[in-house]
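Biologist: Hello! Could you show me how to read the place where two chains meet?

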Protein chains: 2
Amino acid sequence: MRARVLGSAAGGGLPQWNCGCDNCVLVRAGDARVAARTQDSVAVSRGDRWLLVNASPDVHRQIEGFAGLHPWAARHTPIGAIALTNGDLDHVLGLLSLRESQPLVVLSTERVRAGLVERNAMLRTLARSAGQVSWQTLAPGKELVLEDVGVGVTAVPQPGKLPVHLVGLVEPSPEDNVALRIRDLVTSRTVAIATAVGSLDALDPLTRDVAALFFDGTFWSDDELVSLGLGQARARDMAHVPVGGPTGSLAALAGVGIERRVYTHINNTNPMLREDSPERAAVERAGWEIAHDGLEVVV
Amino acid sequence: MRARVLGSAAGGGLPQWNCGCDNCVLVRAGDARVAARTQDSVAVSRGDRWLLVNASPDVHRQIEGFAGLHPWAARHTPIGAIALTNGDLDHVLGLLSLRESQPLVVLSTERVRAGLVERNAMLRTLARSAGQVSWQTLAPGKELVLEDVGVGVTAVPQPGKLPVHLVGLVEPSPEDNVALRIRDLVTSRTVAIATAVGSLDALDPLTRDVAALFFDGTFWSDDELVSLGLGQARARDMAHVPVGGPTGSLAALAGVGIERRVYTHINNTNPMLREDSPERAAVERAGWEIAHDGLEVVV
């Protein structure tokens, strides 16, 4: 089974359109120490049909940048399904770019589906013809089999938050934010993808017997935006456990026995993006990788 | 005044994600006869603050591709305002990528505003703080002055259609689709931008005394999609007068005395995209240009 990182940045990408932080400035200057990154998405397959994990606003260029996702005919896509891990705009906006009357299979919790379809007339563009989109419900803990992609998908709720645009409209629910276990139907080798993890309390059912883990690398430190003067919110307020520090994920996951451990969904401000940074060195010393667009993990 | 084409393709772009038409295949193969194009948007300025005409789904890479739109500080944008010509997804989705708490000024008709804000919870992401977005109403025929950009903007209704996702929800209105006259406040030189024109009946107030015209180049022929087997809709059904043929815009606008005439919003199937095509030769012989991403018109 192949898991290919289509986009490794958090919402906004790197560079972010209105950001002049050190990393964004270096990327715009073409500095070799920091690579540009599109927004979070991973494609998984064991053949020539693919599951997209999340539909980022950058989905068009992510598809064009990887020949495996190009159409084979005048109207066609090798994308067998799209799974949404939450309703954040950086994970769902791309759905609206996957229109043009193409039949789609979309997997999400019922909560995420309702937050999209029932509250946004725009989603009617995916209902131009009967059966254009087949929504399949990710019920926590219950594997959903995608025969054409060759994988089974199981949602594991993670402490998260409502998308900003739904706060005040609906009550939070454990199904607002999930991680996914994606199992090769032939070998049963499993990849876990968890790019929004608000606390480390629900990791065990997610990481048990996985061959590769893509994990929330949004922020290095809890006060990253505050200390840069770029915002008031702390990492944990935004439902992202930071990577660094004594209570960060790097320390907490030190003993986990997983072959490939990859930080992804990395915010533009995160110092570990710089290849010459001490933070990057600490991550790599611990046996972790930092995702870049195009990174492929085969299990 | 400078008008810079950020994106010259119709909705879907070139190549389009699920399309294997001749042009899309050539672009993917790197053929020099057809250039890739992002979705319709034009940036206009007479200094260092810019008006974006439409917010395409490709807005992030359009900004990164033009240094004039890069931020000058840690949190900043030189985009002074964004004007929407209709509510089609290829013109509005980019608004949702221009979040990150950045104050925005958005110009549209009241109809387009309501179709977005009142029917899509996602738009609440642009209302995280009081006054984050200032909506200014484009009332047909009434110039709206943007002092910081140095231009005045006047909407001229054009025969159009409702966005697909609003059909059946609201009644059509003349304010669903407008062209824009953009006037340099110092010289009064004017650029007209009309990328969705369903018939040629309302051109006079739009094209009078303009120095440059960006015009609907979506389809070459009325049955373009039908004859390629890619759809049932004819160009005029989709509110786009075709370029070619005896009743097309090239023939109808033959006598118009405008210095720079540019076709843009070009669908991936349009044969005039190919630099060696007879359609391209006919357009250029008539004194028109075919827009490409990055084309700049100075008036």
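Modeller: Gladly; we will look at the interface and then at a pocket. This is a predicted model, where local features need pLDDT of at least 70, side-chain atom pairs count only at pLDDT 80 or more, and totals for chains, interfaces and linings use all residues. Residues are numbered from 1 along each chain as its sequence is written, chains are lettered from A and ligands numbered from 1 in the order in which they are written, and side-chain values use heavy atoms, leaving out hydrogens and water.

Biologist: How many residues of chain B are in contact with chain A?

Modeller: Contact means heavy atoms within 4.5 Å. Here, 51 residues of chain B touch 51 residues of chain A.

Biologist: And how much area do the two chains bury?

Modeller: Buried area is the accessible area (1.4 Å probe) that two parts lose on being put together, summed over both. For chain B and chain A that is about 4500 Å², with 58% of it on carbon and sulfur atoms. W17(B), R75(B) and M122(B) lose the most on the chain B side, together 20% of what that side buries.

Biologist: Which side chains meet in a salt bridge?

Modeller: The rule asks for a side-chain nitrogen of Lys or Arg within 4 Å of a carboxyl oxygen of Asp or Glu. It finds 2 salt bridges across this interface, and one of them joins R28(B) to E64(A) at 2.8 Å, N to O.
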